[in-house]
There are 2 protein chains.
Amino acid sequence: MSALTGGRIRHTVAFALEHPAGSDEEAAFLAAASELARIDGVEAFEILREVSPKNGFAFGISMEFADADAYTGYNEHPTHVAFVESRWIPEVADFLEIDYAAP
Amino acid sequence: MSALTGGRIRHTVAFALEHPAGSDEEAAFLAAASELARIDGVEAFEILREVSPKNGFAFGISMEFADADAYTGYNEHPTHVAFVESRWIPEVADFLEIDYAAP
């Protein structure tokens, strides 16, 4: 990941899946999610495990954008929209988006 | 920030303050929080603005530890314990800790 300077944005989402831990379905979802890294403007893409016992999330995705326009382009990109419809909505049990910028 | 490999942990907390946005009290809290960067084992320390409209948090802190022992050492460090008691509990209105590790 990079230092967050200027208008740079770090978009993160913590989530839990409908699938059992360690299941083939879980692995397939994470593999599909990793394809989001290929969308134009996505930088510093990471698929992560969430390891704090203080929340109910099991995974996270973190990515960075050079600016708000790049973030909007990602959100509206057909690959992202299709992923949300076909995988995220049916397979994600709970999630929270948190986005960071420089202070 | 660094790539999360091995046992490395990225500890993050999103939070909202009791203080009005732009107040001297807000600035003083963030300045006090920035001193946490000096505790042994803390790496890649960042104070951040939370910019997503999808949650109620206004700020974030992110830091990394080489491993779980370093994270425990931070949590138990007298400087951290004193900060939680004297500043965090009285001045933070809401918060959520999210910790990430490599998948």
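Let's start with a pair of charged residues: in this predicted model, B:Arg38 and B:Glu35 form a salt bridge, with their closest N and O atoms 3.4 Å apart. Are these two buried or exposed? B:Arg38 counts as exposed, at 67% relative accessibility, while B:Glu35 is partly exposed at 40%. Elsewhere, salt bridges that share partners join up into one network made of A:Arg8, A:Arg10, A:Glu43, A:Glu64 and B:Glu46.

How many salt bridges turn up when the whole structure is searched? Over all chains, the search finds 14 salt bridges. One of them brings together the side chains of A:Glu46 and B:Arg10, at 2.8 Å from N to O. That pair crosses between chains, running from strand β2 of chain A, where A:Glu46 sits, to strand β1 of chain B, home of B:Arg10. Here both partners, A:Glu46 and B:Arg10, are buried.

B:Arg10 has another partner to look at. With B:Glu64 it makes a salt bridge whose closest N and O atoms are 3.1 Å apart. This time the link is between distant parts of the chain: B:Glu64 belongs to strand β3 (residues 59-65) of chain B and B:Arg10 to strand β1 of chain B, 54 residues apart. B:Glu64 is buried as well, just like B:Arg10.

Stay in chain B for a moment and look at B:Arg8, which is in the segment before β1 (9-17) of chain B. B:Arg8 has a relative accessible area of 12%, and since the cut-off for buried is under 20%, B:Arg8 counts as buried. Its side chain makes a polar contact, at 2.8 Å, with the side chain of B:Glu43.

Now for the place where the two chains meet. Chain A and chain B each put residues into the contact, 27 from chain A and 27 from chain B. Between them they bury about 2,300 Å², and 57% of that is on carbon and sulfur atoms. There are charged and polar links here too: 4 salt bridges are counted between chain A and chain B. Take A:Lys54 and B:Glu97, whose side chains meet in a salt bridge of 3.0 Å, N to O. The count of residue pairs in polar contact between chain A and chain B, with both residues at pLDDT 80 or more, is 14. Which elements of chain A give two or more residues to the side that touches chain B? They are β1, β2, β3 and β4 of chain A. The largest share of that side, 6 residues, comes from β4(A).

Next, pick out helix α1 (residues 24-34) of chain A. Its residues A:Glu26, A:Phe29, A:Leu30 and A:Ala33 are buried. Looking down the axis of α1(A), you'd see its buried residues fall within an arc of 95°, so they line one face of the helix. And what covers them? The cover over the buried residues of α1(A) includes strands β1 (9-17), β2 (43-50), β3 (59-65) and β4 (92-101) of chain A, along with helix α3 (78-91) of chain A.

One of those helix residues leads on to the aromatic rings. Over all chains, the structure holds 18 aromatic pairs. In one of them, A:Phe29 and A:Trp88 are paired in a tilted arrangement, 6.0 Å centre to centre and with 45° between the planes. Because A:Phe29 lies in helix α1 of chain A and A:Trp88 in helix α3 of chain A, the pair ties together parts that are 59 residues apart in sequence. A:Phe29 is buried, with a relative accessible area of 0%, and A:Trp88 is buried with a value of 11%. Over in chain B, B:Phe65 and B:Tyr74 make a tilted aromatic pair, at 5.3 Å centre to centre and 45° between the planes. B:Phe65 and B:Tyr74 are both buried. Back in chain A, one aromatic cluster is formed by A:Phe15, A:Phe29, A:Phe59, A:Phe83, A:Trp88 and A:Phe95.

Our last stop is A:Ser86, which lies in helix α3 of chain A. A:Ser86 is partly exposed, with a relative accessible area of 45%. A polar atom of the A:Ser86 side chain lies 2.8 Å from the backbone oxygen of A:Ala82.

Definitions and conventions
Residues numbered from 1 in each chain as written. Chains lettered and ligands numbered in written order. Predicted model: local features only at pLDDT ≥ 70, side-chain atom pairs only at ≥ 80, totals over all residues. Heavy atoms only, no water. Buried < 20%, exposed > 50% of the residue type's maximum accessible area, 1.4 Å probe, protein only. Helix = DSSP H or I, 4+ residues; strand = E, 2+ residues; numbered from the N terminus. Arc of directions from axis to C-beta. Contact = heavy atoms within 4.5 Å. Phe/Tyr/Trp six-rings, centres within 6.5 Å; stacked < 30°, edge-to-face > 60°. Buried area = accessible area lost by both parts, 1.4 Å probe. Polar contact = N/O pair within 3.5 Å; in protein donor to acceptor, adjacent residues only side chain to side chain.
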